[in-house]
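Colleague: I should like to learn how the features of a model such as this one are read. May we take them one at a time?

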Amino acid sequence: MKTVTTLAKKTLCLSALCASLLFTTNLQAKGPLSTDIKTKSLPTQTLTEARINSVLKEAYAKFKNNQEGKNADYIKALAIVDSKIFGITLVTPDGKVYEIGDTKEVVSIQSISKVFTAAKVMQEKGDKFMQEKIGVNATGLAFNSIIAIELHGGSASNPFVNAGAIQSTSWVKAKDSKERWTKIYDYMNDFAGKELSFNEKVYDSEVNDNKNNQAISKILDARGRMGSDPLEATTVYTKQCSVNISSHDLGMMAATFANDGVNPITKKKLLDKKYVPKILAVMATAGLYDNAGDWLYLTGTPAKSGVGGGILAVVPGKLGIGVVSPPLDKFGNSVRGQQAAAYIIDKLGINPLAQ
Ligand code: GLN
């Protein structure tokens, strides 16, 4: 009886701790799903130019004036980004671009960079390595949770939470930090089909204030999960998060996944076709953090968000979607980004699980 009571007490304490850690991100707004969209799914239709353009315009008009959510402020430089920026870009696998709004305005890529580092590691080391060394399961906890590591046997769980992303960064084959960073940066540039700019202000702001991520990297190192020095990997990870992207860039990067890993414009092959569904599977499981289930339920679509306000969503073989809008919901996902992408997927009848 005594053991049971002690166990019950321990479980209670653990749950309370988990609950408190769920809110360590200090991000704003409504839940469980801020994309409260009431539309009726249309059956799949041919994606004509006229149809795409009209749905795009509708989505922009419908959500343009929505002021829900709040910029991330735990990275100080993100708090002062213009929260009115709203750009949507759709790119087909053959490279046709449809866009509206502030499609050239840039924000920092933040967690969306995790997708490209994971893809690089998968390309270099294979999908088994990703599954066994880093993991491919959702944590059900905040993206920067430390306790999630302990709860999952000292493992990161997946490459899209901070722990797994820092781990992925550490496993990119490189002789030193400079080479690791250059490889990741070049890889993101190749997905975008151009040289992306670097946001010094965001980097300076975060690199001086990333103790939580440093702690994560040290714990993973203690568990034998890191491929390089933990603090070095954390610095490179912080750099990759500070790369600027517009909705146009995100649309192109998403379309590269929609096009089996080949950039639709440059035709450069960036990821083996066999690995594309693996990366998309993790995006579906954990791309929108602890809101990933609601997102998948609503859209059936692999997607990845970043606290800079970007969202990248992939409709395989059909469309790459990039949206930028800085105000976030409490999970750290762009409010208008989710709304616009979900609306477009629904209205075009392209939910991949409904084909
Ligand atoms: N650089 C951010 C961090 O490590 C990225 C988080 C995010 O976009 N969710 O906290």
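Modeller: Let us begin with burial: a residue is buried if 20 or more other C-beta atoms lie within 10 Å of its own, exposed if 12 or fewer, and partly exposed in between. The model before us is predicted. By that criterion helix 12 is mostly covered, with 12 of its 12 residues buried.

Colleague: Which residues of helix 12 are buried?

Modeller: They are S247, H248, D249, L250, G251, M252, M253, A254, A255, T256, F257 and A258. Helix 12 spans residues 247–258, and the distance from its first C-alpha to its last is 16 Å, close to the 16 Å expected at 1.5 Å a residue.

Colleague: Why does G251 count as buried?

Modeller: The cut-off for a buried residue is 20 or more other C-beta atoms within 10 Å. G251 has 31 C-beta neighbours inside 10 Å, and therefore counts as buried.

Colleague: What does G251 touch, residues up to four places away in sequence not being counted?

Modeller: G251, which lies in helix 12, touches T89, L90, V91, V97, E99, G320, I321 and G322. For I321, 70 residues from G251 along the chain, the C-alpha separation from G251 is 4.8 Å.

Colleague: Where is P93 found, and with which residues is P93 in contact beyond its neighbours within four places in sequence?

Modeller: P93 belongs to the loop between strand 1 (87–91) and strand 2 (97–101). Its contacts beyond that sequence window are A255, A258, N259, P264 and G317. Of these, A255 and A258 are also among the buried residues of helix 12. The C-alpha atoms of P93 and G317 are 6.4 Å apart, although 224 residues separate the two along the chain. P93 itself has 19 other C-beta atoms within 10 Å and is therefore partly exposed.

Colleague: How should one read the sign of phi?

Modeller: Most residues other than glycine have a negative phi. Here D260, which follows helix 12, has a positive phi, near 60°. D260 is in the loop between helix 12 and helix 13 (276–286). With 18 C-beta neighbours inside 10 Å, D260 counts as partly exposed.

Colleague: What is phi near in S157, and is S157 buried or partly exposed?

Modeller: Phi of S157 is positive, near 85°, in a residue other than glycine. S157 lies in the loop between helix 6 (147–151) and helix 7 (162–171). Because S157 has 24 C-beta neighbours inside 10 Å, it counts as buried.

Colleague: How is the packing of two helices described?

Modeller: One considers the angle between the axes, and 65 to 115 degrees counts as roughly perpendicular. Helix 4 (residues 113–125) and helix 8 (residues 177–192) pack at about 110°, their axes being 10 Å apart. The two helices are therefore roughly perpendicular to each other. Helix 4 contributes S113, F116, T117 and K120 to the contact, and helix 8 contributes K183, I184, Y187, M188 and F191. By class, this contact of helix 4 with helix 8 comprises five nonpolar, two polar and two charged residues.

Colleague: Which residues are around the ligand?

Modeller: The residues around the ligand are Q110, S111, F143, N144, N162, E206, N213, C241, G306, V307 and G332. Classified by side chain, with glycine counted as polar, this shell has three nonpolar, seven polar and one charged residues.

Terms used: Residues are numbered from 1 along each chain as its sequence is written. This is a predicted model: local features need pLDDT of at least 70, side-chain atom pairs count only at pLDDT 80 or more; totals for chains, interfaces and linings use all residues. A residue is near a molecule or strand if its C-beta atom, placed from the backbone, lies within 6 Å of it. Axes are lines fitted to C-alpha atoms, for helices over the stretch in contact, and angles run from 0 to 180 degrees between N-to-C directions. Helices (H or I, at least four residues) and strands (E, at least two) are DSSP runs, numbered from the N terminus. Angles under 35 degrees count as roughly parallel, over 145 as roughly antiparallel, 65 to 115 as roughly perpendicular and the rest as oblique. Two residues are in contact if their C-beta atoms, placed from the backbone, lie within 7 Å. The expected span of a helix is 1.5 Å times one less than its number of residues.
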